[in-house]
Amino acid sequence: MNEEILMKMTRYSEPQILAILRQAEGGVGVSDLCREHGMSTA
């Protein structure tokens, strides 16, 4: 049940997360990605 609650609270959909990770693998800096998508670097 906790997993269901956590999944509902996430800001990004699974395809969005995968796209962001692909950008990181492609050489885009993590700090740049975080700034672009409005997330913390932590």
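User: A salt bridge is a side-chain nitrogen of Lys or Arg within 4 Å of a carboxyl oxygen of Asp or Glu. How many salt bridges does a search of the whole structure find?
Analyst: The model is predicted. The side chains of Asp 32 and Arg 35 meet at 2.6 Å, N to O, and the cut-off is 4 Å, so this pair counts. The search of the whole structure finds a total of one.

User: In which helix do Asp 32 and Arg 35 lie?
Analyst: The two residues are three apart in sequence, about one turn of the helix. An α-helix has 3.6 residues a turn, so residues three or four places apart point the same way. Asp 32 and Arg 35 both lie in residues 30-37, which is helix H3.

User: Is Arg 35 buried, partly exposed or exposed?
Analyst: Its salt-bridge partner, Asp 32, has a relative accessible area of 38% and is partly exposed. For Arg 35 the relative accessibility is 61%. Exposed means over 50%, so Arg 35 counts as exposed.

User: What secondary structure pattern does the protein chain follow along the sequence?
Analyst: The protein chain has three helices and zero strands. Read along the sequence, the pattern is therefore made of helices alone: α-α-α.

User: Which helix has the highest confidence in the protein chain?
Analyst: The average pLDDT of the protein chain is 83, and 79% of the residues score at least 70. Confidence is lowest in helix H1 (residues 2-9), with a mean of 60. Where pLDDT is low, the predicted coordinates should not be read in detail. The highest mean, 93, belongs to residues 14-25, helix H2.

User: How far does H2 reach from its first C-alpha to its last?
Analyst: H2 has 12 residues, and at 1.5 Å a residue the expected span is 16 Å. The span in the model is close to that expectation. From first C-alpha to last, H2 reaches 16 Å.

User: Which residue with a positive phi follows H2?
Analyst: The phi of this residue is near 110°. The residue that follows H2 with this positive phi is Gly 27.

User: What is the area of the nonpolar surface patch that includes Leu 21?
Analyst: Leu 21 lies in helix H2. Its relative accessibility is 48%, so Leu 21 is partly exposed and passes the patch cut-off of over 30%. Together with Ile 17 and Leu 18, Leu 21 makes a patch of about 250 Å².

User: Is Tyr 12 buried or exposed?
Analyst: Tyr 12 sits in the loop between H1 and H2. Leaving aside neighbours within four places in sequence, Tyr 12 is in contact with Ile 17, His 37, Gly 38 and Met 39. Its relative accessibility is 18%. Under 20% is the cut-off, so Tyr 12 counts as buried.

User: What distance separates the C-alpha atoms of Tyr 12 and His 37?
Analyst: Tyr 12 and His 37 are in contact. Along the chain they are 25 residues apart. Their C-alpha atoms are separated by 9.7 Å.

User: What percentage of the residues of the protein chain count as buried?
Analyst: The accessible surface of the protein chain comes to about 3,800 Å², with 57% belonging to carbon and sulfur atoms. Of the 42 residues of the protein chain, the buried share is 10%.

How values were computed
Residues numbered from 1 in each chain as written. Predicted model: local features only at pLDDT ≥ 70, side-chain atom pairs only at ≥ 80, totals over all residues. Heavy atoms only, no water. Helix = DSSP H or I, 4+ residues; strand = E, 2+ residues; numbered from the N terminus. Buried < 20%, exposed > 50% of the residue type's maximum accessible area, 1.4 Å probe, protein only. Areas by Shrake-Rupley, 256 points an atom, 1.4 Å probe, with all protein chains shown as cover. pLDDT = per-residue confidence, 0-100. Patch = residues over 30% accessible without salt bridge, like charges linked within 9 Å, V, L, I, M, F, W, Y side chains within 5 Å. Expected span 1.5 Å × (residues − 1). Contact = heavy atoms within 4.5 Å.
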